[in-house]
Amino acid sequence: MKLLLAALALAAGSLSAQTLKGITVDKTQVEAGQTVTATVTLEANGTPNCGIRVRWGDGALSERVIKSAADMPFVATHAFAKPGDYTVVADPGRIGSSLGCVGQKASVVVKVSAPAAAAAPAAAASAAGKTAAAGPTCPDGWKLNAKSVVKKTGAYTCTAKAGTPTPEKRSVCPGDLTYFENSKRGQLGCRA
């Protein structure tokens with residue numbers, strides 16, 4: 001019994017050094033497709049060994065087991081595909097066999113707008129009394145694979161030479177489509 005109590009006291013003592021302190025983002029206002037970097041700060045005393053998650057508010061999740069001081073702060077990046085207001089939450093919790101970090105959840109709101117490049121042609125066409133042509137466009141250096149276009153859903157694939165770096169600014173996919181990229185195969189686009 002004394003051994004069990006000693007182990008519990010040791011575990012409780014080590015948990016106190018892994019307290020979630022807060023979360024910040026590098027940008028609270030971005031365009032869809034731009035990368036946001038979240039930084040989760042934790043108390044850095046003692047030997048850490050706990051789990052922490054970043055819930056991006058759009059269903060995406062980044063997680064890490066904090067095993068050493070080198071893992072602090074926890075930095076994660078994400079690009080939101082669609083405009084909207086997203087609550088980004090740092091959430092201490094179990095990951096696999098690790099215990100969860102302690103402390104209360106912390107959050108910050110990121111406001112995501114439509115890309116200016118996509119909004120400008122539509123606004124100009126609307127001002128001229130015309131409807132903008134809706135169709136997939138590919139980044140510079142990438143070509144639209146015409147056979148991949150699904151008019152009903154808006155899905156498409158752009159191609160380039162295998163190994164071509166993917167663009168920093170991701171395309172915004174219409175409706176319920178998901179952006180994908182594979183630089184090894186020279187592909188990117190939107191799919192169901």
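Where does Cys173 lie? In this predicted model, Cys173 is found in the loop between S11 and S12, and with a relative accessible area of 4% the residue counts as buried. The C-alpha atom of Cys173 is separated by 5.7 Å from that of Cys190, a residue 17 positions away along the chain. When neighbours within four places in sequence are left aside, the contacts of Cys173 are with Ala81, Thr178, Tyr179, Gly189 and Cys190.

The protein chain as a whole has a secondary structure of 2 helices and 13 strands. Of its 192 residues, 34% are buried. Among the contacts in the chain with a separation of 6 or more, 53% join residues that are 24 or more positions apart.

One such setting can be described around Val36, which belongs to strand S3 (residues 35–42). Val36 has a relative accessible area of 0% and is therefore buried, since the cut-off for that class is under 20%. Its C-alpha atom is separated by 5.5 Å from that of Thr77, although the two residues are 41 residues apart along the chain. Beyond the neighbours within four places in sequence, Val36 is in contact with Val25, Asp26, Lys27, Val30, Trp56, Ala76, Thr77, His78, Phe80 and Val110.

Two of the residues in contact with Val36, namely Trp56 and Phe80, also take part in the aromatic pairs, of which there are 2. The ring centres of Trp56 and Phe80 lie 6.2 Å apart and their planes are at 75°, so this pair is classed as edge-to-face, a term that applies to angles over 60 degrees. Because Trp56 is placed in the loop between strand S4 (50–55) and strand S5 (61–66), while Phe80 is placed in the loop between strand S6 (74–79) and strand S7 (84–92), the pair ties together parts of the chain that are 24 residues apart in sequence. Both partners count as buried, with a relative accessibility of 0% for Trp56 and 1% for Phe80. Phe80 forms a further aromatic pair with Tyr86, which is stacked, with 4.5 Å from centre to centre and 20° between the planes. Tyr86, at 11% relative accessibility, likewise counts as buried. Trp56, Phe80 and Tyr86 thus make up one aromatic cluster.

Phe80 appears again in the description of the second largest pocket, where Asp58, Ala79, Phe80, Ala81 and Thr178 are the closest to the centre among the 14 residues of the lining. The volume of this second largest pocket is about 240 Å³. At least two residues of its lining are supplied by S6, and at least two by strand S12 (178–182). By residue class, the lining of the second largest pocket divides into 7 nonpolar, 4 polar and 3 charged residues. Ala81 and Thr178, both named among the residues closest to the centre of this pocket, are also in contact with Cys173.

A feature of the backbone is found in the loop between S5 and S6, where Pro73 has its place. The peptide bond that leads from Met72 to Pro73 is cis, with omega near -5°. In general, most peptide bonds are trans.

Towards the start of the chain, Gln18 is located in the loop between helix H1 (2–15) and strand S1 (20–25). This residue counts as buried, at 2% relative accessibility. The side chain of Gln18 reaches the backbone nitrogen of Asn49 at 3.1 Å. Asn49 is also one of the residues in contact with Gln18 once neighbours within four places in sequence are set aside, the others being Leu42, Glu43, Thr47, Pro48, Cys50, Cys101 and Val102.

Val150, by contrast with these buried residues, is partly exposed, with a relative accessible area of 36%. Val150 is placed in the loop between strand S10 (143–144) and strand S11 (156–159). From C-alpha to C-alpha, Val150 and Arg191 are 9.2 Å apart in space, while in sequence they are 41 residues apart.

How values were computed. Residues are numbered from 1 along each chain as its sequence is written. This is a predicted model: local features need pLDDT of at least 70, side-chain atom pairs count only at pLDDT 80 or more; totals for chains, interfaces and linings use all residues. Side-chain values use heavy atoms; hydrogens and water are left out. Helices (H or I, at least four residues) and strands (E, at least two) are DSSP runs, numbered from the N terminus. Buried means under 20% relative accessible area, exposed over 50%, partly exposed in between (1.4 Å probe, protein chains only). A polar contact is a pair of N or O atoms within 3.5 Å; within protein, one must be able to donate a hydrogen and the other to accept it, and residues adjacent in sequence count only if both atoms are side-chain atoms. Contact means heavy atoms within 4.5 Å. Rings of Phe, Tyr and Trp (its six-membered ring) pair if their centres lie within 6.5 Å; planes under 30 degrees apart count as stacked, over 60 as edge-to-face and the rest as tilted. On a 1 Å grid over the protein atoms alone, a cavity is a set of points where a 1.4 Å probe fits but cannot get out, and a pocket is an open set with protein on both sides within 12 Å along at least five of seven lines; lining residues have an atom within 4 Å of a point. Grid points are joined across faces, edges and corners, and a volume is the space filled by probe spheres set on the points. Ala, Val, Leu, Ile, Met, Phe, Trp, Tyr, Cys and Pro count as nonpolar, Asp, Glu, Lys and Arg as charged, and the others, Gly among them, as polar.
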